[in-house]
Structures are given as structure tokens and as C-alpha cells.
Amino acid sequence: MDRDRTLDLVRTGYPWGERVRGGASVVRTRLLGRRAVVVAGPEGVRRFYDPRLRRRGAFPLPIKLVLFGPGTVHGLDDAEHHLRKSLFLGVITPETVAALGTRAEQVWESTIRDWAGRDRVVLFDEAVQVLARSVLPWAGVPVEPDELPLRARQLATVLQGFAAPGPDYVRAVAARLQVGRWAKRLVRRTRAGEIDPPAGTALRAAAEARDTRGRLLPLRVAATSLLNVVRPTVAVAWFVAFAGAALHEHPQWRERIAGGDEAAVEAFAHEVRRFYPFVPVLAARARSTQDVLGQRVRRGGLVVLDVHGTDHDPAHWTDPGTFDPGRFLQGPVDPDTLVPQGGGDVRTGHRCPGEGVTLTMIAVAVRALAHHAGALPPQDLGYDVSRIPTHPRSGVVLTPSGS
């Protein structure tokens, strides 16, 4: 019988799937006390998003409740999933994403001006604040300037510790409870008419969302829906930290971006998402006993998608261990080979509806930072691949120009 690999996943982090698979596209194992298969590559991605698999019950509760919250869309299937997904798709449109990008550009410009005269800034910490200052007003959330830094830190604390055993997890739980109570107050006040967020904003949509029976969502579920728009945007801070380091490590790309090469901006953003670790694996459960890429999976068994391994698969990415945005300037890329936030179809499946937000927020930050003439002093830019999520240990310290 295969041994259970749960502790290995906790200890290993991002390389876990690749090590378990040993180069194969599908292998049998055990995870969370259940029989499981691990799949990767475009064929594995397509099979993982097959409707014969479901999401309910696939995420470990200690992670699900802290990161996503109760009643989250990530654990729904079928009609419930499609209805809840429509809430996000109604809020996150090309027009609203462009508006968020414009807002973020203004916040980055203001923030970088404020760096003048400072001896040093930590890019990760700055990005958390910039992203919160951008997304909360965009989401229709009324927040006072002196409250905003607190909410930004709380959201980042949830993300920092949801998968980290020990004190970080305890802090993440506490922060989750705090932002959960805050979000419930916002929804309650919106429903009572005490605040009036604009139509089409995340707060308005969450407060008015209904279930498959036409009833308003329970307060805590509506609050979770709001946070699941705001939280992933703040999570882009992890990508921004990596992007800031990459701009200094690859000055030829920084020069192209600073020179106004928009194709280079988009390619750079894609490569940041492909190259640097973000999501290690995703899990689903078999609705019935079935064949998964030649392996028999019983009803309720786990199918695990190696996300990080798929994004670094040498069968589909030339020299995957090298940071090279140029690979995205050579023509279209199979969407099932690039799945840093999951795969499948965004409208009918479980692909993250906020993928466009992530790309836009990375691109906006990259443009702003490419024009910032600051220096990168000696520091530890390494990162711990066993920690989920991870970012450079230093947080990416910058010495602003003029300091």
C-alpha cells in the first residue's frame, strides 16, 4: 500500500508534486488519509477539470476555512457553483478590471513619490498596502484612510499563515476572524441601507447575491464572497515582490519595459506567474469510480493537480528553470500549460475569475517599478520553497532614488 504523503507535502512545499511523480504524468499515492492520484501537464489539467470530479470535500478544512471561508465558491459544484461564479464574473469584467488598473497606477505613482527621502523601502510591504488601497474602494468598500493599513495587514496575515503550521497559522486564524467580522458588518449595513456601494461593485453584488432557491445568501457566506474578491488581489503582492527582484536581475527587460514596450510588459507578467511559486497543488474528488489517465480512482478518491510542476514541465516549457519572458513573445501558449491560478474554462469551470486582475496588477506594478530609478542593495533574495505562499526572504529591499 502506498504510504501517505501529507507530511511530505507540508515539509516539501512546491516541489512535492514533481518529486512524487518522478517525471510521470500520473502516479498513485495517498494524501490526507485517502487514496489519490497526482496528475500534471496539459492532459492532467484537462482531466482535473472534467465534470466527473467535484470540489466539495476536497480541501482540508483547516486550510479552507482560513483561506477561503465558509460556503466558498471554491468548494461548490454544479448549479451552486455556476450561480456563485456568476457573482464574480459580473463584478470582474474587462471594463472593471481596466478601471482597477487605472486606480492602481495612480496609487503606485503616489506611493513611489512618497518614497523620496526614505533610506529604504520593503517592496512586499509596500505592495500589500498599494493593492489594498486600490481594490477596497474599487470593490465599493468604504474604508477610512487610517483604517486601511490595518485591513491590508490583516488580509496579508491570512495569506501569510494559512498553510504554515505554528504561530503563523494562529495569527492567520485570528486575522481571518477579524476581517470576517468586518466584512459581515459591511454586508449587513449595505442590506440595511446604511451604506450604498455603487451597482456592479463587489460589496453591492455580495450583499444582493442569492442562492439557488432565490434567498439572500447567509450573512457569513455573503461576507466570504466579498473577501474572495478582495483577498486574491492583495495576494498579488507575492508576485509583485518577485517581479521587483526580477526587474533588477534582468535589466534588459527593465529597459524594454521602461521604454514603453507593452508586449514586453505582458510577457514579463506572464513569466512572473509561470516561473515563481504561487499555488503548489489543487485537489478534487471523484464523483464515482472511474479511470483517470489510466489509473483507477474509487468514488471519493482524490485527484491532485500538480500546478507548480505543470508550470515547470520540461515537456512543454523549454529550459523551465530559466526566467525568460521571451517565451511569451513567440506565439500563443496552450492555456492548459500555464495554470498558476488553476486551469479549465473561466465561465463554465473552476478557473479563477480573477486571473485578469492578477495579470493587470502585476503589469501595473512592473511598469511603475521599471521607471523607478532606485537601487537594489545586497540582500537575501532567496525564497523557501517549502513555505506556502513564499516570497524573497528580504521582502525585496529597495533604496529609492534621491535617498
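**Close-up views of a predicted model**

**View 1. A salt bridge between arginine 256 and aspartate 261.** Arginine 256 pairs up with aspartate 261 in a salt bridge, and their closest N and O atoms sit 3.0 Å apart. Keep in mind as you look around that this is a predicted model. Arginine 256 is partly exposed, with 36% relative accessible area, and aspartate 261 is partly exposed too, at 25%.

**View 2. Another charged pair, aspartate 196 with arginine 204.** Here the closest N and O atoms of the salt bridge are 2.2 Å apart. The two partners sit in contrasting surroundings: aspartate 196 is exposed, with a relative accessible area of 66%, whereas arginine 204 comes out at 15% and counts as buried. The cut-off for buried is under 20%, so arginine 204 falls on that side of it.

**View 3. More salt bridges.** Arginine 215 and aspartate 211 meet through their side chains, with 3.0 Å from N to O. Arginine 215 is partly exposed, at 46% relative accessibility. Elsewhere, Arg3, Arg5 and Asp8 are tied together in a network of salt bridges. How many salt bridges does the structure hold? The count is 21.

**View 4. Helix 11 crossing helix 12.** Find helix 11 at residues 219–249 and helix 12 at residues 251–258; their axes come within 5 Å and cross at roughly 105°. That makes the two helices roughly perpendicular. On the helix 11 side, the contact is made by Leu247, His248 and Glu249, while helix 12 brings in Pro251, Arg254 and Ile257. Sorted by character, the residues of this contact are three nonpolar, one polar and two charged.

**View 5. Inside the largest nonpolar core.** In soluble globular proteins, nonpolar side chains tend to be buried together. The largest nonpolar core in this model has 95 residues. Which of them touch the most other members? Look for Trp108, Leu136, Leu226 and Phe268. Helix 11 gives the most to this core, with 20 residues. There is also a second, separate core of 16 residues, with Val45, Leu282, Val297 and Val339 among them.

**View 6. The neighbours of phenylalanine 268.** Leaving out residues up to four places away in sequence, phenylalanine 268 touches Ala243, Ala246 and Leu247, along with Trp253 and Ile257. Its other contacts, counted in that way, are Phe323, Pro325 and Val366. Two of these names may ring a bell from View 4: Leu247 and Ile257 also take part in the contact of helix 11 with helix 12.

**View 7. A cis peptide bond and a positive phi in one loop.** Most residues other than glycine have a negative phi, and most peptide bonds are trans. Isoleucine 388 and proline 389, though, are joined by a cis peptide bond, with omega about -10°. Proline 389 lies in the loop between helix 15 (355–371) and strand 9 (397–398). Valine 396 is in the loop between helix 15 and strand 9 as well, and has a positive phi, near 70°. Is valine 396 buried or exposed? Valine 396 is buried, with a relative accessible area of 0%.

**View 8. A positive phi at leucine 293.** Leucine 293 isn't a glycine, yet has a positive phi of about 50°. Look for leucine 293 in the loop between strand 6 (290–292) and strand 7 (295–297). At 23% relative accessibility, leucine 293 counts as partly exposed.

Note on methods: Residues are numbered from 1 along each chain as its sequence is written. This is a predicted model: local features need pLDDT of at least 70, side-chain atom pairs count only at pLDDT 80 or more; totals for chains, interfaces and linings use all residues. Side-chain values use heavy atoms; hydrogens and water are left out. A salt bridge is a side-chain nitrogen of Lys or Arg within 4 Å of a carboxyl oxygen of Asp or Glu. Buried means under 20% relative accessible area, exposed over 50%, partly exposed in between (1.4 Å probe, protein chains only). Axes are lines fitted to C-alpha atoms, for helices over the stretch in contact, and angles run from 0 to 180 degrees between N-to-C directions. Angles under 35 degrees count as roughly parallel, over 145 as roughly antiparallel, 65 to 115 as roughly perpendicular and the rest as oblique. Contact means heavy atoms within 4.5 Å. Ala, Val, Leu, Ile, Met, Phe, Trp, Tyr, Cys and Pro count as nonpolar, Asp, Glu, Lys and Arg as charged, and the others, Gly among them, as polar. A nonpolar core is a set of buried Ala, Val, Leu, Ile, Met, Phe, Trp, Tyr and Cys residues joined through side-chain atoms within 4.5 Å.
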